Amino acid sequence: MLSTKQINLIAAIGFVVMWSSGFIGARLGTAEASSMTVLMWRFIVAAIVLGIWWLWKQRRQIPIKTVLTQSLIGLFAQAGYLYCVFLSVEHGVSAGTSNLVTTLQPIVAAALAGPILKESTSFKQWIGLLLGIIGVLFVVYEDLGTSAQVPLWAYGLSFLAMVSLVGATLYEKGLKATADLGDALPIQTGISALFFIVIGFLTDNATPPATTGFWFAVAWVAGLSTIGGYGFYWLNLKLGSVTRVSSLLYLTPPVTMLWAFLMFGDKIGFLTVVGMIICLVGVWVIRNGTPVKAS
């Protein structure tokens, strides 16, 4: 029987590994087709897999309120977040800059968790949050400022992506009656699939290429990044506070660098290693801090 501490550790590691796999999958997929094509088929495949699993394992009546609530969460946490991230990169924002903006999420979430959810963040945890963002800055430093003549609104899309995920996270955590993860994830993924199907046809990006590379990438992001990444994200949110869960995002840029090194032979520079260490220290400080529940 696993202890609570062991379960929390497994959930945390699973999330970081699965979430960071999305950046690798996007790199594999966009080498074969447009990002919108990859996103559309990513969610179609994930929705089919989760739908079949739900019919096999769950298969029960879900209240319409739960369906509507989880659909809204899916539109913000999955569809809105990923659409804005990919669109910002397509319009010239470097991957490093986009990564840095979206990893502001833990600080914004911690700042809002107090007044909205009555979750206080300790001084020690604020130190950890600042260390985390400094660490991410080191990791993505070489990729910053590499985009020339990028419109200001494109950077706004990265910010909007971060806000979209924060909003969905706070909304989910604030629900008095949370849905079972086995019901919530299929609903969220299904509504996101519908969203990207509409986007795919409107932008003439619905037709997938008949290449094994594309379908391997789709299987990668559907299984690891969508089902695994979001599954572990919501599981961690059920197990801990918003601040502790959001802080794990600080570890995704370093782990993505490791993925890229192992799969593509990308170089890991000295600053990246320093950033990885700072991120680890920051997350350790946050997870070992003692948040105070506001009265």
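Is aspartate 266 buried, partly exposed or exposed? Select it and see: at 26% relative accessibility, aspartate 266 counts as partly exposed. Keep in mind as you click around that this is a predicted model.

**Stop one: aspartate 266 and arginine 27**

With aspartate 266 still selected, add arginine 27. Their side chains meet in a salt bridge, with 2.6 Å from N to O. Now zoom out and color the two surroundings. Aspartate 266 sits in the loop between α11 (252-264) and α12 (270-287), while arginine 27 belongs to helix α1 (residues 4-29), so this contact ties together parts that are 239 residues apart in sequence. Arginine 27 is partly exposed as well, at 39% relative accessibility.

**Stop two: arginine 60 and aspartate 180**

Next, jump to arginine 60, in the loop between α2 (35-57) and α3 (64-90). Its relative accessible area is 41%, which makes arginine 60 partly exposed. Show aspartate 180 alongside: the two form a salt bridge, and their closest N and O atoms are 3.9 Å apart. That distance falls inside the 4 Å cut-off for a salt bridge. You'll find aspartate 180 in the loop between α7 (152-174) and α8 (181-202), 120 residues away from arginine 60. Aspartate 180 is another partly exposed residue, at 40% relative accessibility.

**Stop three: aspartate 183**

Stay on arginine 60 and bring up aspartate 183. Here is a second partner for the arginine: arginine 60 and aspartate 183 make a salt bridge with the closest N and O atoms 2.6 Å apart. This pair also links distant parts of the chain, since aspartate 183 is in helix α8, 123 residues from arginine 60 in its loop between α2 and α3. How accessible is aspartate 183? Its relative accessible area is 7%, so aspartate 183 counts as buried.

Now display Arg60, Asp180 and Asp183 together. Shared partners join these three into one salt-bridge network. With the aspartate 266 pair from the start of the tour, the count comes to 3 salt bridges.

**Last stop: color by confidence**

Switch the coloring to pLDDT. The protein chain averages 90, and 96% of the residues score at least 70. Which element has the highest mean pLDDT? Select α8, the helix that holds aspartate 183: its mean is 97, the highest among the elements. Then select helix α4 (residues 95-102), which has the lowest mean, 77. Where pLDDT is low, the predicted coordinates should not be read in detail.

Technical notes
Residues numbered from 1 in each chain as written. Predicted model: local features only at pLDDT ≥ 70, side-chain atom pairs only at ≥ 80, totals over all residues. Heavy atoms only, no water. Helix = DSSP H or I, 4+ residues; strand = E, 2+ residues; numbered from the N terminus. Buried < 20%, exposed > 50% of the residue type's maximum accessible area, 1.4 Å probe, protein only. pLDDT = per-residue confidence, 0-100.
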